[in-house]
Amino acid sequence: MPKIEIEPEFCKGCMYCAETCPKKVIGTTSAVNSKGYQYAVPLHPENCIGCTLCAVICPDAAIEVYKEE
Amino acid sequence: MKKIYARPKGLYRNINGYCPGCLHSAAGKIIMSVLEEMDLLDRTAMVDGVGCCANNDNYMDLDAIGTPHGRACATASAIKRCSPETIVITYQGDGDLASIGLAETMLAANRGDNITVFFINNANYGMTGGQMAPTTLLDMKTTTTPFGRNPKEHGYPMDMCKILSALRGPSYIARVTCIDVPNVRKARQAVKDALQHQVDGKGFSMVEFVSNCPTNWGLTPLESLRFAKERMLAEYPLGVYRNL
């Protein structure tokens, strides 16, 4: 199953990834990182199809995508 | 599990200094991923302009030099002439390239110096607090035009791609944006083409990124993308202006 990893310390919570994701995998919780940004987390990782659109749009390169070969 | 999308190797593993949602960092990410793909990371020198561009120092792991206001193109020309094997890029904002450093930019382009210019156009002076820049849109409110930009008083927005296309020196000029995924992919291709022109020694190449400035526009990141799509792209049409 494809998987995304969001590095909390690089994320600034702009939510471009959540807007772009076709399966609405990404959202936020009340957690914040060391700079006080409410970072994005994969709320519904089971829906991820590994399209990499979130990683392409992420301005801060916080998202990495994994897929089975 | 195989990693199918990775953070570019040339970026430092820390948070960068740009505001949330700023497309400056998207431009930096694209440039670094293209340099990595073309295997140019260890022979590239970057010349930073003044302003938000200075944040690149703790974002992009390249040999870099910061220049006085607007003089990035002149410094880049000097580096290229002293060390022709080095890939020289400049990274400048609109206040830096289109206002303070207009003379250096025009003359470097007119000489056809073999450098690549990345021009981030966000329609104001971001670092100093959102003052009017030459690229500010008509009727756009900034801290120095509180009633909106009035052409009788403040002139018209400057289209640098068209201005530089009128010269004979440049070999590649394109305008791109990073506001959505298809445009990010086109931007990546344009950056690659521009760097390829420099590798082939064809002359001056420039890529303009139509960007946003959520902080000084007073919008949320997502609202600023919509504003950029509706207003900025109407004034600054995308496309390849010169490809020799």
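These are my notebook entries on charged pairs, cavities and a few single residues in a predicted model.

**Entry 1. Salt bridges**

I searched the whole structure for salt bridges and got 13 over all chains. I then looked up three of the pairs.

In chain A, I noted a salt bridge between the side chains of A:Glu5 and A:Lys3, with N to O at 3.5 Å. A:Glu5 has a relative accessibility of 36%, so I put it down as partly exposed. A:Lys3 is partly exposed too, its relative accessible area being 36%.

In chain B, I looked at B:Glu36 and B:Lys9, whose closest N and O atoms are 3.6 Å apart in a salt bridge. B:Glu36 sits in helix α1 (residues 24-37) of chain B, and B:Lys9 in the loop between β1 (2-5) and α1, so this pair ties together parts that are 27 residues apart in sequence. I checked the exposure of both ends. B:Glu36 counts as partly exposed because its relative accessibility is 28%. B:Lys9 counts as exposed, at 68%.

**Entry 2. The pair B:Arg175 and B:Asp159**

I went on to B:Arg175, which forms a salt bridge with B:Asp159; the closest N and O atoms are 2.4 Å apart. Which parts of chain B does this pair tie together? B:Arg175 belongs to strand β8 (residues 172-177), while B:Asp159 is in the loop between α5 (151-154) and α6 (160-165), so the parts joined are 16 residues apart in sequence.

Are the two ends buried or exposed? I found B:Arg175 buried, with a relative accessible area of 2%. B:Asp159 is also buried, at 13%. The pair belongs to one network, in which salt bridges with shared partners join B:Asp159, B:Lys162, B:Arg175 and B:Glu208.

**Entry 3. A buried Asp with no salt bridge**

I turned to B:Asp48, which is placed in strand β2 (residues 44-48) of chain B. B:Asp48 is buried but has no salt bridge. How far away is the nearest side chain of opposite charge? That side chain is A:Lys12, at 15 Å. A salt bridge needs a side-chain nitrogen within 4 Å of a carboxyl oxygen, so a partner at that distance does not qualify.

I then listed what B:Asp48 does touch, leaving out neighbours within four places in sequence. Its contacts are B:Cys53, B:Asn56, B:Asp57, B:Ala64, B:Ile65, B:Gly66, B:Thr67 and B:Tyr91.

**Entry 4. B:Thr116**

I looked up B:Thr116 in strand β5 (residues 116-121) of chain B. With a relative accessible area of 0%, B:Thr116 is buried. Not counting residues up to four places away in sequence, I found B:Thr116 touching B:Val88, B:Ile89 and B:Thr90, as well as B:Ala194, B:Leu195, B:Gln198 and B:Ser205.

**Entry 5. Two residues of helix α4**

I took B:Asn110 and B:Arg111 together. B:Arg111 is in helix α4 (residues 102-111) of chain B, and B:Asn110 is found in helix α4 as well.

B:Asn110 counts as partly exposed because its relative accessibility is 47%. Beyond neighbours within four places in sequence, B:Asn110 is in contact with B:Leu167 and B:Gly169. I also took a C-alpha to C-alpha distance from B:Asn110 to B:Leu11: they are 33 Å apart in space and 99 residues apart in sequence.

B:Arg111 is partly exposed, at 45% relative accessibility. With the same neighbours in sequence left aside, B:Arg111 has contacts with B:Ser77 and B:Arg81. From B:Arg111 to B:Asn58 I got 32 Å, C-alpha to C-alpha, for a separation of 53 residues in sequence.

**Entry 6. Cavities**

How many cavities of 30 Å³ or more does the structure hold? I counted two.

The largest cavity has a volume of about 80 Å³. Its lining has 13 residues, and those closest to its centre are A:Cys21, A:Val25, A:Cys48, A:Cys51 and A:Cys54. I sorted the lining of the largest cavity into ten nonpolar residues, two polar and one charged.

The second largest cavity holds about 70 Å³ of space. I found 14 residues lining it, with A:Cys11, A:Gly13, A:Cys14, A:Cys17 and A:Cys58 nearest its centre. The lining of the second largest cavity divides into eleven nonpolar residues, one polar and two charged.

Conventions:
Residues are numbered from 1 along each chain as its sequence is written. Chains are lettered from A and ligands numbered from 1 in the order in which they are written. Side-chain values use heavy atoms; hydrogens and water are left out. Helices (H or I, at least four residues) and strands (E, at least two) are DSSP runs, numbered from the N terminus. Buried means under 20% relative accessible area, exposed over 50%, partly exposed in between (1.4 Å probe, protein chains only). Lys and Arg count as positive and Asp and Glu as negative; His and the chain ends are not counted. Contact means heavy atoms within 4.5 Å. On a 1 Å grid over the protein atoms alone, a cavity is a set of points where a 1.4 Å probe fits but cannot get out, and a pocket is an open set with protein on both sides within 12 Å along at least five of seven lines; lining residues have an atom within 4 Å of a point. Grid points are joined across faces, edges and corners, and a volume is the space filled by probe spheres set on the points. Ala, Val, Leu, Ile, Met, Phe, Trp, Tyr, Cys and Pro count as nonpolar, Asp, Glu, Lys and Arg as charged, and the others, Gly among them, as polar.
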